[in-house]
Amino acid sequence: MDIEIFTFCWNEIDILPWVVDYWKRFATHVTVFDNGSTDGSVEYLEKFRFVTVKHFNTDGLNDIVHQKIKNECWKGSKADFVVVCDMDEILCAKDIRRQLEEMLFSGATICKPTCYVLFSDEYPKYDGKLLHEVRPMGVIDNTSKTILFDPKKITAINYTPGAHRCRPEGEVRWYDGKIYMFHINHNLSFDYKIRKYRELDARRSEDNIRKKHGIHYAFSKDVLREAWENDRSKAVDFCQILNR
């Protein structure tokens, strides 16, 4: 079974060791679209034979450019399934390859995984374990994305900016099995979130600012703290979810 991932990168060296470990569990090949990383991300990714890095340049963070790439990059893939996602969106399951095989044999062609947003009080240290084993607490997120589909049966995905919504065309048969999207979402600690949000806010293109794409990156520290505490109160053990 061939699974191909298409994803995006800008200065993600902090999370790449974990992300690559998840990829190794199921991905045949990964194409990373890098938008000018300067933190060693490209050098790290190029160490892996199953990863190809492609470069693109934009005037800062531009969701319209991302939207266009996501809607086209997977076309022509011969894989059984493709995953089109952001770097911090991790496909997972109790046994991910077995779950994907079940999806394939069921005849389903597309899946919107159940999303859990990671929550961590303290920034974890990479020690070779999967991230959800080190920091298992997560909050269910009803704004999940349709990131998994059959590129031979789906003829168009039609993502909107941000890819939270899509309008798939072709042989659309939904899968509702136990596949999850573990979303790191800059929540490796509150201080880390503030730092990443401020970096991303500074990169928002004029087009993004005008259309209010990524506006949450500009939220005040107090607003983000309130949301953080709200998530903290609802967090559950993601490992228990996987093992049900």
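The legends below describe close-up views of a predicted model.

**View 1. An open sheet of seven strands.** The strands follow the order E3-E2-E1-E4-E9-E6-E12, and their pairing is mixed. Strand E3 (51-55) and strand E12 (174-175) stand at the edges of the sheet. Each of these two has a single partner strand, so one side of each is left without a neighbour in the sheet.

**View 2. Strands E6 and E9 in antiparallel pairing.** Strand E6 covers residues 110-111 and strand E9 covers residues 148-149. Two bridges join E6 to E9. Within this pairing, Cys111 stands opposite Leu148 in E9. In the order of the sheet, E9 is placed between E4 and E6, and E6 is followed by E12.

**View 3. Ser106 in helix H4.** Helix H4 spans residues 96-106, with Ser106 among them. Ser106 has a relative accessible area of 45% and is partly exposed, because values between 20% and 50% count as partly exposed. The side chain of Ser106 reaches the backbone oxygen of Met103 at 2.7 Å. A polar atom of the same Ser106 side chain lies 3.2 Å from the backbone nitrogen of Ala108.

**View 4. Ser106 and Ile157.** These two residues are separated by 51 residues in sequence. In space, the distance from C-alpha to C-alpha is 21 Å.

**View 5. Helix H1, mostly covered.** Helix H1 is formed by residues 16-24, and eight of its nine residues are buried. The buried residues of H1 are Leu16, Pro17, Trp18, Val19, Val20, Asp21, Tyr22 and Trp23.

Notes: Residues are numbered from 1 along each chain as its sequence is written. This is a predicted model: local features need pLDDT of at least 70, side-chain atom pairs count only at pLDDT 80 or more; totals for chains, interfaces and linings use all residues. Side-chain values use heavy atoms; hydrogens and water are left out. Two strands pair if DSSP finds at least two bridges between them. Helices (H or I, at least four residues) and strands (E, at least two) are DSSP runs, numbered from the N terminus. Buried means under 20% relative accessible area, exposed over 50%, partly exposed in between (1.4 Å probe, protein chains only). A polar contact is a pair of N or O atoms within 3.5 Å; within protein, one must be able to donate a hydrogen and the other to accept it, and residues adjacent in sequence count only if both atoms are side-chain atoms.
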